[in-house]
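The following note sets out numbered comments on the structure shown below. They are intended to be read alongside the coordinates.

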Amino acid sequence: MLKQELLEQQLAQLPLYTYAFLDPQELEFSDRIRWICEHECPMYGKSWACPPGVGTVPECKARCLAYPGCLMISTITEVADIGDINETLSTRAEHEALTNQVRDMMREQGVEPYVLSTEACAYCKRCAILDGEPCRMPERMHPCVESHGINLLGIIEEQGLSFQYGENVVTWFSLLFY
């Protein structure tokens, strides 16, 4: 059982932009979000962290809704040019490190979270999905939030959370289901 008060004390020590405890039932799962993965992301079909490797949106929804709680965390970082995708993506590693730190805090309490983050996963030089093999590091890989068809904008607004829309500010989100 997650001790939320203890976790909140630990979260307060981290450089998070914001965090919120959510009811997974309040999340919106949408094939429209998945459409973006399929039609605009070069990683589609190339990683177990991305569609179709993560399953259908209904399968992803069922996996997430099997957990009674969810912690959403976010970080922000400034970049010189938001249009420079390489610079923007280079800031993702810091967010992933914080996501893993929060995951480990939960594990210390005996809770094994299901983590969604920003990854298309880059642990292996060549993803096993391309060879029809299972993921080599499923304990390290976190599928991206969008791969599950989750529309975060609605829950962000509903929760009254601030969302940084700065000109050169990148905002990263992770969801940890527990």
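Is V79 buried or exposed?

1. The model under review is predicted. In it, V79 has a relative accessibility of 7%. Since the threshold for a buried residue is under 20%, V79 therefore counts as buried. V79 sits in the loop between strand 3 and helix 4 (85-90). Leaving out residues up to four places away in sequence, V79 touches E87, T88, T91, N168 and V170. The C-alpha atoms of V79 and C127 are separated by 29 Å, with their positions 48 residues apart along the chain.

2. E78 may be read together with V79. E78 belongs to strand 3 and is exposed, with a relative accessible area of 67%. Beyond four places in sequence, the contacts of E78 are with N168 and V169. E78 and V169 are 91 residues apart in sequence, yet their C-alpha atoms are 4.5 Å apart in space. N168 is in contact with E78 and is also touched by V79.

3. On the overall fold, the protein chain contains 6 helices and 6 strands. Their order along the sequence is α-β-β-α-α-β-α-α-β-β-α-β. The radius of gyration is 16 Å, close to the 16 Å that the globule rule gives for 178 residues, so the protein chain is as compact as a globular protein of that length. The C-alpha trace spans about 45 × 40 × 30 Å along its principal axes.

4. Some totals for the protein chain follow. Of its 178 residues, 46% count as buried. Among contacts with a separation of 6 or more, 78% are between residues 24 or more positions apart. The protein chain exposes about 9500 Å², of which carbon and sulfur atoms supply 52%. There are 13 positive and 26 negative charges, and the mean positions of the two sets are 10 Å apart.

5. The largest nonpolar core has 19 residues, and M72, I150, L152, L175 and F177 touch the most other members. Two or more residues of this core come from each of strand 1 (18-22), helix 3 (57-65), strand 3 (70-78), strand 4 (114-116), helix 6 (152-158) and strand 6 (169-177). Apart from this core lies another, of 16 residues, including F21, M105, L176 and Y178. In soluble globular proteins, nonpolar side chains tend to be buried together. For L152, the contacts beyond four places in sequence are M72, V145, F173 and L175.

6. V102 lies in helix 5 (residues 92-108). With 0% relative accessibility, V102 counts as buried. Its contacts, leaving aside neighbours within four places in sequence, are L11, L14, L71, I73 and L176. One of these, L176, is a member of the core of 16 residues. The C-alpha atoms of V102 and C70 are separated by 12 Å, and these residues are 32 apart along the chain.

7. S117 is found in the loop between strand 4 and strand 5 (150-151). What is the status of S117 with respect to burial? Its relative accessibility is 1%, so S117 counts as buried. Outside the residues up to four places away in sequence, S117 touches H95, E96, T99, H142, P143, C144, V145, F173 and S174. V145 and F173 also appear among the contacts of L152.

8. Q159 occupies the loop between helix 6 and strand 6. With a relative accessible area of 32%, Q159 is partly exposed. Its contacts beyond four places in sequence are F21, L22 and E26. Q159 and L22 are 137 residues apart along the chain, with a C-alpha separation of 8.7 Å. F21, which is in contact with Q159, is among the residues of the core of 16.

9. A final point concerns backbone geometry. The peptide bond from P51 to P52 is cis, with omega near -5°. P52 lies in the loop between helix 2 (31-40) and helix 3.

Notes
Residues numbered from 1 in each chain as written. Predicted model: local features only at pLDDT ≥ 70, side-chain atom pairs only at ≥ 80, totals over all residues. Heavy atoms only, no water. Helix = DSSP H or I, 4+ residues; strand = E, 2+ residues; numbered from the N terminus. Rg over C-alpha atoms; globule rule 2.2 N^0.38 Å. Buried < 20%, exposed > 50% of the residue type's maximum accessible area, 1.4 Å probe, protein only. Contact = heavy atoms within 4.5 Å. Areas by Shrake-Rupley, 256 points an atom, 1.4 Å probe, with all protein chains shown as cover. Lys, Arg positive; Asp, Glu negative; His and termini not counted. Charge placed at Lys NZ, Arg CZ, Asp CG, Glu CD. Core = buried A, V, L, I, M, F, W, Y, C linked by side-chain atoms within 4.5 Å.
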